[in-house]
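The following report describes selected features of a protein model. It treats the sheet and its helices, then the internal spaces, then the backbone.

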Amino acid sequence: MPFTVKALQKTGPDQPFRVAEIERRDPRADDVVIDIRAAGICHSDIHTIRNEWGQAHFPLTVGHEIAGVVSAVGEAVTDWKVGDRVGVGCMVDSCGECEQCRAGQEQDCLNGNVGTYNSQDVDGSITQGGYAQKVVVSERFVCRIPDALDFDIAAPLLCAGITTYAPLARWGAGPGRKVAVLGLGGLGHMGVQIAAAQGADVTVLSRSLKKEQLAIDLGAARMLSTSEDGFFADHRGEFDLILNTISADVPLEKYLSLLKPHGVMAVVGLPPSAQPLHFRSIIGGAKVIAGSNIGGIAETQEMLDFCAEHGFGAQIETVGIDEVDATYDRVVDGEVYFRAVIDTSTFEGAPVAV
Ligand code: NAP
Ligand code: ZN
């Protein structure tokens, strides 16, 4: 039988969050039911629910950094059992048959994957995300959270972790490589920790130096302020790889000038508006500008294990369900160091608005 759970929901882009009861589907044979313990707040949640990327489907619950415990499994589930510590990221289904799915690249499913929220599910309904008490998801889209990682520091890895791990692995952020992480927010702080653990020489490029000591503590060799006079001239041609995590408009061509010849800018930040680019800024120096979209399920598991092995998770602050609206503003203002995570136990006793 379908069942209801409490969730944080918005009825429109300018409406506050409210506690609603939303329906979760009757678990299918291959489904896992997860009691959500922690849900990270990704900037993509904000872009989506504020209609910055286009019209969202309201009423909507967002959240695609989910960590919790398996509370029930369908009769065909073999890989998971009640009590397992698990996570769900940005996808909850894909065709499973196309060449991308078969290669473990479900994020690039040729038939279109199903996003964890605001996405049309195979049954035609609109998916609802992880700011909720429970979620029901196909066992193929579940990852194991290593015992070394608490739920709250693990949840952000399901999006911010894999989104930075995949391009750093793809473009080789190992020893001897000069890697710049552009923007020190949720994604950026994971990028710094991962690239440092991979052995790269990591520089953080931020709007100011106010997070300098934090950047060093995360494993960066240095932090530079992009607002300083002469910054772009002084650091021209310095980096092998730039991981661009910025959520707003930036002068892309100036940042490309920071790459060495044949250098790569891997873009993961997705500002709402188009970013102008003249080809001269990549033709000179034969530079590469590459997009990257989260990562596949197998690689997400690899990333979780990598983080546990290297002894780090996300650096977080925990918020209750009544603090999420205010936290959104703080994320946009760059005041959250570095990920806010919703403690879903705060749903208990909360009155339902509708
Ligand atoms: P976040 O925590 O808000 O971090 C974004 C960072 O961008 C900020 O910390 C800030 O760094 C920098 N920034 C913000 N406004 C800026 C401005 N006006 N000028 C220059 N720098 C600015 O966001 P997030 O959760 O890390 O997400 C970052 C972006 O990645 C979002 O657009 C999100 O939608 C996207 N995303 C993409 C994927 C993917 O698969 N490709 C996955 C998840 C998220 P400083 O304060 O250090 O300057
Ligand atoms: Zn995200």
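## Helix packing on the sheet

In this predicted model, helix α4 (residues 160-170) lies across β10 (178-182), β13 and β14, and runs at about 160 degrees to β13. The sheet to which these strands belong is an open one of 6 strands, in the order β12-β11-β10-β13-β14-β15, and its pairing is parallel. Strands β12 (222-225) and β15 (288-291) are the edge strands, each of which pairs on one side only. From one strand to the next, the twist averages 20 degrees.

Strands of a sheet pair through backbone hydrogen bonds, in either a parallel or an antiparallel manner. Strand β13 (residues 239-244) runs parallel to strand β14 (residues 259-267), and 5 bridges join the two. Within this pairing, L241 has V264 of β14 as its bridge partner, and N244 stands opposite V267 of β14. On to β15, 4 bridges join β14 to that strand, and the two run parallel. Here V267 stands opposite G291 in β15. V267 of β14 thus faces N244 and also G291 of β15.

Helix α4 also packs against helix α10 (residues 297-310), at an angle of about 95 degrees and with the axes 10 Å apart. Angles of 65 to 115 degrees count as roughly perpendicular, and α4 and α10 are therefore roughly perpendicular to each other. On the α4 side the contact is made by G161, I162, Y165, A166 and A169, and on the α10 side by E299, T300, E302, M303 and F306. By character, the residues of this contact divide into 6 nonpolar, 2 polar and 2 charged.

## Cavities and a pocket

Rolling a probe the size of a water molecule over the atoms shows where empty space is left. How many cavities of 30 Å³ or more are counted in the model? The count comes to 2.

The largest cavity holds about 70 Å³ of space. It is lined by 13 residues, and G89, C90, L158, I297 and T300 are the closest to its centre. Strand β5 (85-88) and helix α10 each supply at least two residues of this lining. T300 is one of the residues closest to the centre of the largest cavity, and T300 of α10 also takes part in the contact with α4.

The second largest cavity has a volume of about 30 Å³. Its lining is made up of R25, V92, D93, D121, V136, V137 and S138. Strands β6 (91-93) and β8 each give at least two residues to this lining, and β8 provides the largest share, with 3 residues.

The second largest pocket has a volume of about 300 Å³. Of its 15 lining residues, E23, R24, R25, D121 and S125 lie nearest the centre. The elements that give two or more residues to the lining of this pocket are β2 (18-24) and β8 (134-138). R25 and D121 belong to the group nearest the centre of this pocket, and R25 and D121 also line the second largest cavity.

The character of the three linings is set out below.

| Space | Nonpolar residues | Polar residues | Charged residues |
|---|---|---|---|
| Largest cavity | 9 | 4 | none |
| Second largest cavity | 3 | 1 | 3 |
| Second largest pocket | 5 | 4 | 6 |

The lining of the largest cavity thus holds no charged residue, whereas that of the second largest cavity includes 3 and that of the second largest pocket includes 6.

## Backbone features

Most residues other than glycine have a negative phi, and most peptide bonds are trans. Where do cis peptide bonds occur in this model? One joins F58 and P59, with omega of about -5 degrees; P59 lies in the loop between α1 (43-49) and β4 (66-73). Another joins Y337 and F338, with omega of about 0 degrees. F338 is placed in the loop between α11 (324-332) and β17 (339-343).

Positive phi values are also found at residues that are not glycine. N51 has a phi of about 60 degrees and is found in the loop between α1 and β4, where P59 also lies. I294 has a positive phi of about 30 degrees. The loop that holds I294 runs between β15 and α10, and β15 is an edge strand of the sheet.

Note on methods
Residues numbered from 1 in each chain as written. Chains lettered and ligands numbered in written order. Predicted model: local features only at pLDDT ≥ 70, side-chain atom pairs only at ≥ 80, totals over all residues. Heavy atoms only, no water. Pairing = 2+ DSSP bridges. Axes fitted to C-alpha atoms, helices over the stretch in contact; angles between N-to-C directions. Contact = heavy atoms within 4.5 Å. Parallel < 35°, antiparallel > 145°, perpendicular 65-115°, else oblique. Nonpolar A, V, L, I, M, F, W, Y, C, P; charged D, E, K, R; others polar. 1 Å grid on protein atoms, 1.4 Å probe; cavity = no way out; pocket = protein on both sides within 12 Å on 5 of 7 lines; lining within 4 Å. Points joined across faces, edges and corners; volume = space filled by probe spheres on them.
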